[in-house]
Amino acid sequence: RLVFILVRGGVYMTKRQLTAKAVKSQVPPFTPLIAPVRNTLTNEPYAFRSVRRVNSLTLGTLRPLEYRVVSDRTQQSVKMAKGDLLSAAAISKRLDEKHIEHKWVSVHLPLKLALRKDAMKIIEQSIKESGASNPGKICLELPSDALYEDMTIISATLKDLKLLGLTTALSSFGGEYCPITKLFGLPVDVCLFDYTAAKSFLADKGRLASSLAAFVASNGGESVICVNSGDTKNQIDEKLFFASGFVGYTSWEWGEEGWFEEDKLDAEVFGGE
């Protein structure tokens, strides 16, 4: 029995026809995107975040905002995570080859993978496959939703990641419903604060920002604020956040601005050609 798939433009195709069209188009299924993490004091990039844009003939171009809502709840997210990790390791290697200093390149770690009993086996195998000589330059971002899970499991997962030599982070931290105090005792190197927190921090002139950054620092981590625009000057006061104890600022992982294809990185981030 033939199964027809509706593609963009209202055309129905069989799976074989769709596969043939995808191969003929030579469009890669994924496009790596990079966002710099800038120092709040110097405004210079010191680390990078990475995501992958999905290029689908049936659905078009999809960013994390559009596919993670569904994929992160399925086993598909585990396959995606493996590819994301390999992509981040490759980006870090190419940055090294270009002599671009960076503390780490981060990548999303879905809860579906983090909570699996064989998570470390899968991640360790992916690290070996990537050929990464310095795992510390790969940072795995666990979503702050992890703070609603069994903290014994989450803590053990983070400790195991550290034993593998990886850098650990929590993304979308400090949002409206985020149970911030559950961070205490977790081996997290970086807290990427949700972009909604920036407005609250600016509204009270950094007092709340100072308290939360101090809390994160007391737990052994560094604080990074995320913004939802490439025009960070309109959304963030670097001096205020530096004074509040925030190390860096970067683009929101669900946003569209501030993310670049790797071949445009030099021009967009470093002002090169």
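Student: How exposed does Arg116 count as, going by its relative accessibility?

Tutor: Arg116 has 30% relative accessibility, so it counts as partly exposed. The scale behind that reading calls a residue buried under 20% and exposed over 50%. Please keep in mind that this is a predicted model.

Student: Which side chain does Arg116 meet in a salt bridge?

Tutor: Its partner is Asp118, with an N to O distance of 2.8 Å. Asp118 is partly exposed as well, because its relative accessible area is 29%.

Student: How many salt bridges does the structure hold?

Tutor: There are six. When you read one, look at the distance, then at where the two partners sit. One of the six joins Glu222 to Lys103, whose closest N and O atoms are 3.0 Å apart. Glu222 belongs to strand S10 (residues 222-227), while Lys103 is in the loop between helix H3 (76-97) and S6, so this pair ties together parts 119 residues apart in sequence.

Student: Are Glu222 and Lys103 buried or exposed?

Tutor: Take them one at a time. Glu222 counts as buried, because its relative accessibility is 13%. Lys103 has 46%, so it counts as partly exposed.

Student: Which side chain meets Lys162 in a salt bridge?

Tutor: That is Asp189, at 2.5 Å from N to O. Lys162 lies in helix H6 and Asp189 in the loop between S8 and strand S9 (190-193), so the pair ties together parts that are 27 residues apart in sequence. Lys162 itself is partly exposed, with a relative accessible area of 35%.

Student: Now the strands. Why is S7 described as largely enclosed by the rest of the structure?

Tutor: Check the burial of each residue in turn. In S7 (residues 138-143), six of the six are buried, so the rest of the structure largely encloses this strand. Look at both faces too: Ile138, Leu140 and Leu142 point one way, Cys139, Glu141 and Pro143 the other, and all are buried.

Student: Which strands pair with S7?

Tutor: Start with S6 (residues 105-108), which runs parallel to S7 and is joined to it by four bridges. Here His108 stands opposite Glu141. Strand S8 (residues 167-173) also pairs with S7 in the parallel sense, over five bridges, and Thr168 in S8 is the bridge partner of Leu140.

Student: What do S7, helix H6 and S8 make together?

Tutor: They form a right-handed β-α-β unit, with H6 covering residues 151-163.

Student: How far apart are the end C-alpha atoms of H3?

Tutor: Compare the expected span with the model. At 1.5 Å a residue, the 22 residues of H3 should span 32 Å, and the end C-alpha atoms are 32 Å apart, so the two agree. Just after H3, His99 takes a positive phi of about 60 degrees.

Student: And how should I read the nonpolar core?

Tutor: In soluble globular proteins, nonpolar side chains tend to be buried together. The largest nonpolar core here has 51 residues, and those touching the most other members are Ile123, Leu140, Leu142, Phe173, Phe193, Phe201 and Ile225. H3 gives the most to this core, with seven residues. A second, separate core has 11 residues, including Tyr46, Ala47, Val190 and Trp252.

Student: Which residues is Phe201 in contact with, leaving aside its neighbours within four places in sequence?

Tutor: Its contacts are Phe193, Gly206, Leu208, Ala209, Leu212, Ile225, Phe241 and Phe246. Try displaying them around Phe201.

Methods. Residues are numbered from 1 along each chain as its sequence is written. This is a predicted model: local features need pLDDT of at least 70, side-chain atom pairs count only at pLDDT 80 or more; totals for chains, interfaces and linings use all residues. Side-chain values use heavy atoms; hydrogens and water are left out. Buried means under 20% relative accessible area, exposed over 50%, partly exposed in between (1.4 Å probe, protein chains only). Helices (H or I, at least four residues) and strands (E, at least two) are DSSP runs, numbered from the N terminus. Two strands pair if DSSP finds at least two bridges between them. A crossover is right-handed if, with the strands pointing away from the viewer, the path from the first strand over the helix to the second runs clockwise. A salt bridge is a side-chain nitrogen of Lys or Arg within 4 Å of a carboxyl oxygen of Asp or Glu. The expected span of a helix is 1.5 Å times one less than its number of residues. A nonpolar core is a set of buried Ala, Val, Leu, Ile, Met, Phe, Trp, Tyr and Cys residues joined through side-chain atoms within 4.5 Å. Contact means heavy atoms within 4.5 Å.
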